[in-house]
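Thanks, everyone. Let's go straight to the model on the screen.

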Amino acid sequence: MKGYLGEFEELVLLTIANLAEDAYGTTILEMIEQQANRKMSLGALHSTLTRLEEKGFLVSYLGEPTAKRGGRRKRYFEITQSAKEALSNMKSLRDELWQNSKINLSAG
């Protein structure tokens, strides 16, 4: 289903939104590892990025080649309006579920 977001997909999209114009493979991976304390391979991330692009939640473009990267270019990612809508729907759903839950998180 095009509109469905898995937990990890949501995390990747939110990370890209946080990184803005600095969102490319390595920075996305590093931020997820730091913020979510979650180790992952670059290959697993690239699979998710490809899937999100196929769903219409991401667009990508190539930056300029740099000498530091041996003339190779970085692929940058941006979230689309569809991604923003899907993220908003997921946040609304989560907020509603938390608000209606009977869980007392402060109780030990």
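Which residues in H2 are buried? Gly-25, Thr-27, Ile-28, Leu-29 and Ile-32. Keep in mind that this is a predicted model. Those buried residues pack against H1, H3 and S2.

Now the geometry of H2. The helix has 12 residues. From first C-alpha to last it reaches 16 Å, close to the 16 Å expected at 1.5 Å a residue. Just after H2 comes Asn-37, with a positive phi of about 50°.

Next, H3, residues 42–54. How does its span agree with expectation? At 1.5 Å a residue, 13 residues should cover 18 Å, and the end C-alpha atoms are 18 Å apart, so the two agree.

Which residues of H3 are buried? Leu-45, Thr-48, Leu-49 and Leu-52. Look down the helix axis: the buried residues of H3 fall within an arc of 100°, so they line one face. Their cover includes helix H1 (7–19) and helix H2 (25–36). Strand S1 (58–62) and strand S2 (75–79) are also among the elements covering them. After H3 comes Gly-56. Its phi is positive too, near 90°.

On to salt bridges. The count comes to six. I'll take three.

Start with Glu-9 and Arg-51. Their side chains meet in a salt bridge at 2.8 Å, N to O. What does this pair link? Distant parts of the chain: Glu-9 sits in helix H1, Arg-51 in helix H3, and they are 42 residues apart. Is Glu-9 buried or exposed? Glu-9 counts as buried because its relative accessibility is 5%, and the cut-off for buried is under 20%. Arg-51 is at 35%, so this residue counts as partly exposed.

Second pair: Arg-94 and Glu-10. Here the side chains meet at 2.6 Å, N to O. This salt bridge also links distant parts of the chain. Arg-94 is in helix H4, Glu-10 in helix H1, with their positions 84 residues apart in the numbering. Why is Glu-10 classed as buried? Because its relative accessible area is 10%, and buried means under 20%. Arg-94 has a relative accessible area of 35%, so it is partly exposed.

Third pair: Lys-39 and Glu-33. Their side chains meet in a salt bridge at 4.0 Å, N to O. Lys-39 is at 72% relative accessibility and therefore counts as exposed, since exposed means over 50%. Glu-33, with a relative accessible area of 21%, is partly exposed.

Which residues do shared partners join into one network? Glu-9, Arg-51 and Lys-55, through their salt bridges. Two of those names you have already heard: Glu-9 and Arg-51 are the pair at 2.8 Å.

Last stop, the surface. Which residues form a nonpolar patch there? Trp-98, Ile-103 and Leu-105. Together they have about 380 Å² of accessible area. Take Ile-103. Where does this residue lie? In the segment after helix H4, which runs 81–100. Ile-103 has a relative accessible area of 55%, so it is exposed, given that exposed means over 50%.

To recap. The buried residues of H3 line one face of the helix. Salt bridges link H1 to H3 through Glu-9 and Arg-51, and H4 to H1 through Arg-94 and Glu-10. And Trp-98, Ile-103 and Leu-105 make a nonpolar patch on the surface.

Terms used. Residues are numbered from 1 along each chain as its sequence is written. This is a predicted model: local features need pLDDT of at least 70, side-chain atom pairs count only at pLDDT 80 or more; totals for chains, interfaces and linings use all residues. Side-chain values use heavy atoms; hydrogens and water are left out. Patches are made of residues with over 30% relative accessible area and no salt bridge: like charges are joined within 9 Å, nonpolar side chains (Val, Leu, Ile, Met, Phe, Trp, Tyr) within 5 Å. Accessible areas come from the Shrake-Rupley method with a 1.4 Å probe; for residues, only the protein chains shown count as cover. Helices (H or I, at least four residues) and strands (E, at least two) are DSSP runs, numbered from the N terminus. Buried means under 20% relative accessible area, exposed over 50%, partly exposed in between (1.4 Å probe, protein chains only). The expected span of a helix is 1.5 Å times one less than its number of residues. The arc is that of the directions from the helix axis to the C-beta atoms. Contact means heavy atoms within 4.5 Å.
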